[in-house]
Number of protein chains: 2
Amino acid sequence: MNGEELSLREKILDTSRHFLFTKGYSSLSMRKIAKEIGVSATSIYLYFENKDHLVHTLIEESVEELSRAIEQSAAQKISTIDKFEAIIRAYVEFAMSYSEKYQVIYVMLSSEMSRYPKEKFRKARRGYALLESVIKKGIEEGLMELDEPQIAAYSIWAQLHGVISVVLNQRLDSKIDRNKFIEESIEHIVQGFLVRITTA
Amino acid sequence: MNGEELSLREKILDTSRHFLFTKGYSSLSMRKIAKEIGVSATSIYLYFENKDHLVHTLIEESVEELSRAIEQSAAQKISTIDKFEAIIRAYVEFAMSYSEKYQVIYVMLSSEMSRYPKEKFRKARRGYALLESVIKKGIEEGLMELDEPQIAAYSIWAQLHGVISVVLNQRLDSKIDRNKFIEESIEHIVQGFLVRITTA
DNA sequence: TAAGATTGGTTAACAGTGTTAACTTAACGA
DNA sequence: TCGTTAAGTTAACACTGTTAACCAATCTTA
């Protein structure tokens with residue numbers, strides 16, 4: 001049945017993602033994945049062309065979910081400034097709630113970049129494009145004052161990724177409260193891009 | 001002789017780094033490295049405990065060079081603001097001049113994070129610590145206005161890494177001039193952290 | 001100078017890897 | 001009921017990291 005089909009495929013993806021996350025790429029093995037699920041190693045090849053393809057699917061799937069989360073979150077807001085903040089919050093929210101999926105994107109996409117097909121990569125940038133368009137609108141509306149929206153958008157991703165990395169890799173000073181750190185970072189980032197209103 | 005010793009070890013490191021960079025981790029093989037150099041695979045084990053250790057040495061070595069470059073560059077400047085900019089420029093300079101070494105740090109450190117010994121990781125943060133201390137001084141001197149120097153320092157690394165990634169992975173729009181992009185990004189980042197002087 | 005130890009490599013072997021080809025077995029359609 | 005398809009299996013191949021045992025120079029030193 002269709003339910004079963006999907007199930008094994010899904011099991012493979014889940015198990016791979018977990019192994020990738022806990023043991024690192026270098027000890028990700030088709031046989032181990034199969035053994036964990038209780039199936040023969042070659043069964044994986046019924047659903048994925050090869051190991052590369054399996055990992056790429058993992059990335060693609062995560063990117064898709066993240067993009068969707070961002071789009072939905074932005075769609076719920078009306079004003080540009082609310083959209084701007086919503087995108088940022090959706091991104092962080094996703095990273096914290098589905099940390100394994102988030103890590104798959106950044107860990108694997110960087111280490112296996114050269115093997116990842118370029119056309120899939122382009123698709124991966126929906127969320128980025130959305131942020132860029134919101135920033136452009138923000139400039140038009142006089143909310144932001146930036147000469148390069150492209151660079152600004154990239155800079156925001158990078159800042160967010162920095163904050164998230166610190167938290168996910170547990171490199172945060174134990175004295176610092178996690179949620180407070182995240183909240184303050186988001187505010188700092190958002191404020192850093194808005195035109196400062198001088199009450200004079 | 002010592003010259004010879006160093007030579008093979010160095011050859012192994014160079015070849016590994018290059019393979020890592022061009023083919024990705026998943027096709028980095030001890031036998032291939034050895035073959036490229038013209039030596040037996042087991043010879044590598046005379047210089048490195050195992051594959052993990054080899055890769056970790058690669059990371060450590062790159063981190064060390066980057067840290068040194070940053071420290072030297074900062075030491076040449078006197079004022080806090082010059083030190084601040086010097087650190088940023090040294091970082092970007094290193095990434096552009098030794099892109100393979102730079103990529104080793106960020107690519108491998110993220111994908112094999114869980115296997116990388118924590119105490120080596122702490123050492124890796126000299127450059128980061130230096131930037132943080134410069135920022136603190138900048139706040140004291142009234143050059144910057146920030147509530148969280150730790151977060152600010154991290155944010156700067158992240159922004160820089162973002163800019164560098166775009167350039168190194170050749171994902172920059174072909175119409176945009178590379179050097180101009182870098183220069184404008186640096187200025188944008190630096191200015192973003194300084195107190196805005198209002199000529200009133 | 002001869003004997004022993006050290007240095008810097010080698011080859012052979014083992015267990016584990018991705019992947020392919022050929023086989024099985026169950027379910028379904030005619 | 002026969003043939004086909006689906007979903008899996010086992011056996012095999014070439015390659016992987018790694019270890020153990022070996023070899024040939026070179027250095028030390030009595």
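Biologist: Before we start, how do you sort residues into nonpolar, charged and polar?
Modeller: Ala, Val, Leu, Ile, Met, Phe, Trp, Tyr, Cys and Pro count as nonpolar. Asp, Glu, Lys and Arg count as charged. The others, Gly among them, count as polar.

Biologist: By class, what makes up the surface near DNA strand D?
Modeller: Keep in mind that this is a predicted model. A residue is near the strand if one of its heavy atoms lies within 4 Å of it. Sorted by class, that surface has seven nonpolar, six polar and five charged residues.

Biologist: Which residues come nearest to DNA strand D?
Modeller: There are 18 residues around the strand. Both chain A and chain B appear among the nearest ones. They are A:Ser40, A:Ser43, A:Tyr47, B:Arg31 and B:Thr42.

Biologist: Of the atoms of DNA strand D within 4 Å of the protein, what percentage do sugar and phosphate account for?
Modeller: Take the atoms of the strand that come within 4 Å of the protein. Then pick out those of sugar and phosphate. Their share is 51%.

Biologist: How far is the polar side-chain atom of A:Ser43 from a phosphate oxygen of DNA strand D?
Modeller: Polar contacts are pairs of N or O atoms within 3.5 Å. A:Thr42 has a side-chain N or O atom 3.1 Å from a base oxygen of the strand. B:Leu28 uses a polar backbone atom, 3.4 Å from a phosphate oxygen. For the side chain of A:Ser43 and a phosphate oxygen, the value is 2.3 Å.

Biologist: Which helix gives the largest share of the surface near DNA strand D?
Modeller: Helix H1 (2-23) of chain A and helix H2 (30-37) of chain B each supply at least two residues. The largest share is three residues, and it comes from H2(B).

Biologist: What area is buried between chain B and chain A?
Modeller: Here 34 residues of chain B are in contact with 35 residues of chain A. Carbon and sulfur atoms give 56% of the buried area. The total is about 2900 Å².

Biologist: Which three residues supply the most of the area that chain B buries against chain A?
Modeller: Together they supply 18% of that area. No other three residues of chain B supply more. They are B:Ile151, B:Tyr154 and B:Arg171.

Biologist: How many salt bridges cross the interface of chain B and chain A?
Modeller: A salt bridge needs a side-chain nitrogen of Lys or Arg within 4 Å of a carboxyl oxygen of Asp or Glu. Two residue pairs are in polar contact between the chains. For salt bridges, the count is zero.

Technical notes:
Residues are numbered from 1 along each chain as its sequence is written. Chains are lettered from A and ligands numbered from 1 in the order in which they are written. This is a predicted model: local features need pLDDT of at least 70, side-chain atom pairs count only at pLDDT 80 or more; totals for chains, interfaces and linings use all residues. Side-chain values use heavy atoms; hydrogens and water are left out. A polar contact is a pair of N or O atoms within 3.5 Å; within protein, one must be able to donate a hydrogen and the other to accept it, and residues adjacent in sequence count only if both atoms are side-chain atoms. Helices (H or I, at least four residues) and strands (E, at least two) are DSSP runs, numbered from the N terminus. Contact means heavy atoms within 4.5 Å. Buried area is the accessible area (1.4 Å probe) that two parts lose on being put together, summed over both.
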